[in-house]
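Here's a quick look at a few side chains and their surroundings. Have the viewer open as you read.

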Amino acid sequence: MSPSTISRQVAVLVGSGLIERRADPDDGRASLLAATATGRRMLEAERRRRAAQYIDALAGWPPEARGRFADLLGYFVGDLQRTRRE
């Protein structure tokens with residue numbers, strides 16, 4: 001993403017009261033971003049909603065299929081993290 005795109009998106013989040021800008025103590029030209037209390041509540045609500053959706057989606061799967069899925073997902077996440085570091 002370009003800096004201007006990110007700046008516009010950050011401005012929307014700041015304007016919505018979901019994040020706040022803080023001065024970067026190490027770089028006066030930069031800002032640090034932090035979630036506000038409202039932003040943290042919204043994020044937590046979304047995490048709960050998504051977790052419930054995953055539980056519903058997997059509810060009909062047999063236990064062995066859920067186990068295989070968990071194993072494969074673990075491999076995928078590990079490889080994805082490894083490739084980000086390279």
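## Phe69 and its ring partner

In this predicted model, Phe69 comes out as partly exposed, with 36% relative accessibility. Trp61 is also partly exposed, at a relative accessible area of 35%.

Scan the whole structure for aromatic pairs and you get one. That pair is Trp61 with Phe69: the ring centres sit 5.3 Å apart and the planes meet at 75°, so it goes down as edge-to-face. The cut-off behind that label is over 60 degrees between planes.

## A greasy patch

Trp61 and Phe69 also turn up in a nonpolar surface patch, together with Leu73, Phe76, Val77 and Leu80. The patch covers about 520 Å².

Pick out Phe76 from that group: this residue belongs to helix H3, which runs over residues 63-85. Its relative accessibility is 52%, so Phe76 counts as exposed; the bar for that is over 50%.

## Thr36, tucked away

Now for a residue in a loop. Thr36 sits between strand E2 (31-35) and helix H2 (37-58). Is Thr36 buried or exposed? With a relative accessible area of 15%, Thr36 is buried, since the label applies under 20%.

What does Thr36 touch, leaving aside neighbours within four places in sequence? The contacts are Gly17, Leu18, Ile19 and Glu20. With Gly17 there's a polar side to it: a polar atom of the Thr36 side chain lies 2.5 Å from the backbone oxygen of Gly17.

Key:
Residues are numbered from 1 along each chain as its sequence is written. This is a predicted model: local features need pLDDT of at least 70, side-chain atom pairs count only at pLDDT 80 or more; totals for chains, interfaces and linings use all residues. Side-chain values use heavy atoms; hydrogens and water are left out. Rings of Phe, Tyr and Trp (its six-membered ring) pair if their centres lie within 6.5 Å; planes under 30 degrees apart count as stacked, over 60 as edge-to-face and the rest as tilted. Buried means under 20% relative accessible area, exposed over 50%, partly exposed in between (1.4 Å probe, protein chains only). Patches are made of residues with over 30% relative accessible area and no salt bridge: like charges are joined within 9 Å, nonpolar side chains (Val, Leu, Ile, Met, Phe, Trp, Tyr) within 5 Å. Accessible areas come from the Shrake-Rupley method with a 1.4 Å probe; for residues, only the protein chains shown count as cover. A salt bridge is a side-chain nitrogen of Lys or Arg within 4 Å of a carboxyl oxygen of Asp or Glu. Helices (H or I, at least four residues) and strands (E, at least two) are DSSP runs, numbered from the N terminus. A polar contact is a pair of N or O atoms within 3.5 Å; within protein, one must be able to donate a hydrogen and the other to accept it, and residues adjacent in sequence count only if both atoms are side-chain atoms. Contact means heavy atoms within 4.5 Å.
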